[in-house]
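User: Could you take a close look at one helix of this model and at what lies around it? I would like a connected account that I can follow with the structure open.

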Amino acid sequence: MPSNKLKNLRKQAAQRQGGRCFYCELPMWDDSPREFIVHYGLSPRLAKRFRCTAEHLEARRDGGKDVEPNIVAACLFCNTTRHKATHPVDAARHASVVRSRLAKGRWHPPQVKAAFSKGTGPPV
Ligand SMILES: [Zn+2]
């Protein structure tokens, strides 16, 4: 269970980042995915990866603390991908990996790109 303090730091970070993931820069949802799913027309399964999570720039296992300068908001997928690695890389390195793979269309599945590139305009 994340502490309230961490939750607040996450919300502040998400706000600073305009609700976008620190790594892939795609929109995230926080409390409930429902509007997100409706708005972007994503499946609930795909929407799950865009849940807003607190990401420690300096990983907790390396002694990273729950303090404002160490917390950014990242989508669940980018966050877990970094920490699932056998040798987790630092945040800056992960950001560059994510962005180069994203540019090649090899980070999120194609449906995701299609959904977000439909943009925020009204449904047609
Ligand atoms: Zn992300």
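Analyst: What follows is a close look at helix α5, and then at a residue of helix α4.

This is a predicted model, in which local features need pLDDT of at least 70 and side-chain atom pairs count only at pLDDT 80 or more, while totals for chains, interfaces and linings use all residues. Residues are numbered from 1 along each chain as its sequence is written, and side-chain values use heavy atoms, with hydrogens and water left out.

Helices (H or I, at least four residues) and strands (E, at least two) are taken here as DSSP runs, numbered from the N terminus. Helix α5 covers residues 91-103, and its 13 residues should span 18 Å at 1.5 Å a residue, which agrees with the 18 Å between its end C-alpha atoms; the expected span is 1.5 Å times one less than the number of residues.

Within α5, the residues A91, H94, A95 and V98 are buried, where buried means under 20% relative accessible area, exposed over 50%, and partly exposed in between (1.4 Å probe, protein chains only). These buried residues lie on the same side of α5, because they cover an arc of only 100° around the axis, the arc being that of the directions from the helix axis to the C-beta atoms. An α-helix has 3.6 residues a turn, so residues three or four places apart point the same way. The cover over the buried residues of α5 includes α4 (76-84), whereas the face turned away from the buried side carries the exposed residues A92 and A103.

At the N-terminal end, α5 is capped by D90, which places a side-chain oxygen 3.2 Å from the backbone nitrogen of A92. After α5 comes G105, with a positive phi near 70°.

Turning to α4, this helix contains N79, which counts as buried at 10% relative accessibility. The side chain of N79 makes a polar contact (a pair of N or O atoms within 3.5 Å; within protein, one must be able to donate a hydrogen and the other to accept it, and residues adjacent in sequence count only if both atoms are side-chain atoms) with the side chain of T53 at 2.9 Å, and the N79 side chain also reaches the backbone oxygen of A54 at 3.2 Å. Leaving aside neighbours within four places in sequence, N79 is in contact (heavy atoms within 4.5 Å) with T53, A54, E55 and A74.
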